[in-house]
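User: I would like to learn how to read the main features of a structural model. Could you guide me through one?

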Amino acid sequence: MPSLLLPDAQPVLTALAILALTATCRFGFAVVTRLLGTSKLLLWPAAGAMAALPFVLRDPLLAWWGGTYADAQLGSFLAATAFAWCFFRAIERSVGTTPVGAAASLAEWIFYMSADVDPRYRDGKPLRPPPGKLRSQLAKLCATYAATAAFVSAIEPFGFRPTAAVCEACGVSGPLAAALVRVGDNLSGTVLIYLFLSLLLTLGSILVLAQGHDPIDGGVTPSP
């Protein structure tokens with residue numbers, strides 16, 4: 001089937017289309033799970049349907065859109081993550097661990113269900129962010145983006161696996177080089193994943209802050 005879009009525009013517009021569909025589905029999921037209350041009998045099947053939906057719809061939607069799997073990689077990753085998040089929100093509600101106040105109204109539940117970083121509540125009411133927190137998160141986003149761009153630019157010429165080139169330049173060979181390559185490539189991959197997740201968590205925090213809620217710190221494990 002011929003593509004509906006220009007080749008260079010296809011991946012970007014495909015990702016935007018997927019994100020728009022995901023946002024619509026998340027709104028619908030929020031309404032449904034609010035109406036279902038806290039019933040495990042109803043929420044667990046609904047949660048399973050949420051998690052499965054992107055995999056069920058992927059092929060027919062791509063065929064209709066005229067896109068390819070390569071075009072949809074970024075959008076599919078973000079969509080699958082969002083649907084998985086909805087899955088856990090529904091399970092959370094069914095076992096009674098939803099923060100007090102998050103389901104106080106339909107509007108608040110829609111916000112909580114769609115928030116990519118948990119908003120904070122106290123005494124059943126959402127906490128408001130302290131002055132300057134939004135600015136600091138925007139600065140953090142810029143710094144993280146710059147660090148991610150610099151790191152990717154450094155390792156991309158080596159196929160994202162730079163350790164072999166470093167070993168060769170230093171004259172290291174044999175079993176030691178093989179061990180260093182394995183450790184070094186795992187380390188560079190870990191750093192890249194950390195930077196990417198930090199970028200997404202900061203962006204999620206900014207979206208929560210922009211709506212007047214104070215998010216948790218995504219980089220700190222909450223205390224029990």
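Analyst: Let us begin with a pocket in this predicted model. Helices α1 (10–35), α2 (40–65) and α3 (73–94) each contribute at least two residues to the lining of the second largest pocket.

User: Which helix gives the most to that lining?

Analyst: Helix α2 does, supplying nine residues to the lining of the second largest pocket.

User: How is the empty space in a model found, and what volume lies in the second largest pocket?

Analyst: A probe the size of a water molecule is rolled over the atoms, and this shows where empty space is left. In this model, the second largest pocket holds about 380 Å³ of space. Its lining comprises 20 residues, of which I18, L21, R58, L61 and S76 are the closest to the pocket centre.

User: What is the make-up of the lining by class?

Analyst: The lining of the second largest pocket contains 16 nonpolar, three polar and one charged residues.

User: Let us turn to the chain as a whole. How many helices and strands does it have, and what pattern do they follow along the sequence?

Analyst: The protein chain has seven helices and two strands. Along the sequence their pattern is α-α-α-α-β-β-α-α-α. The C-alpha trace spans about 65 × 50 × 35 Å along its principal axes. Of the 224 residues in the protein chain, 31% count as buried. As for contacts between residues at least 6 apart in sequence, 71% join residues at least 24 apart.

User: How should I read a single residue, taking T33 as the case? Is T33 buried or exposed?

Analyst: One may ask in turn for its element, its accessibility and its contacts. T33 is located in helix α1. The relative accessible area of T33 is 0%, below the 20% cut-off, so T33 is buried. Leaving aside residues up to four places away in sequence, T33 touches L43, M50, A90, R93, W109 and M113. For a distance across the model, take T33 and G75: they are 42 residues apart in sequence, and their C-alpha atoms are 24 Å apart in space.

User: W109 appears among those contacts. Which aromatic cluster does W109 belong to?

Analyst: W109 forms one aromatic cluster with Y112 and Y121.

User: How many aromatic pairs does the structure hold, and how is the geometry of a pair judged?

Analyst: The structure holds four aromatic pairs. In the pair of F87 and F88, the ring centres are 5.1 Å apart and the planes lie at 80°; an angle over 60 degrees counts as edge-to-face, so this pair is edge-to-face. F87 has 23% relative accessibility and therefore counts as partly exposed. F88 has a relative accessible area of 51%, over the 50% cut-off, so F88 is exposed. A further edge-to-face pair is formed by Y112 and Y121, with 6.2 Å from centre to centre and 65° between the planes.

User: Why do Y112 and Y121 count as buried?

Analyst: Residues under 20% relative accessible area are classed as buried. Y112 is at 0% relative accessibility, so Y112 counts as buried. Y121 is also buried because its relative accessible area is 16%.

User: Which charged ends sit over the rings of Y112 and W109?

Analyst: Here one asks where the charged end lies with respect to the ring. The charged end of R89 sits over the ring of Y112, at 3.9 Å from the ring centre. The charged end of R93 sits over the ring of W109, at 5.1 Å from the ring centre. R93 and W109 are both among the residues that T33 touches.

Terms used. Residues numbered from 1 in each chain as written. Predicted model: local features only at pLDDT ≥ 70, side-chain atom pairs only at ≥ 80, totals over all residues. Heavy atoms only, no water. Phe/Tyr/Trp six-rings, centres within 6.5 Å; stacked < 30°, edge-to-face > 60°. Buried < 20%, exposed > 50% of the residue type's maximum accessible area, 1.4 Å probe, protein only. Lys NZ or Arg CZ within 6 Å of the ring centre and 35° of its normal. 1 Å grid on protein atoms, 1.4 Å probe; cavity = no way out; pocket = protein on both sides within 12 Å on 5 of 7 lines; lining within 4 Å. Points joined across faces, edges and corners; volume = space filled by probe spheres on them. Helix = DSSP H or I, 4+ residues; strand = E, 2+ residues; numbered from the N terminus. Nonpolar A, V, L, I, M, F, W, Y, C, P; charged D, E, K, R; others polar. Contact = heavy atoms within 4.5 Å.
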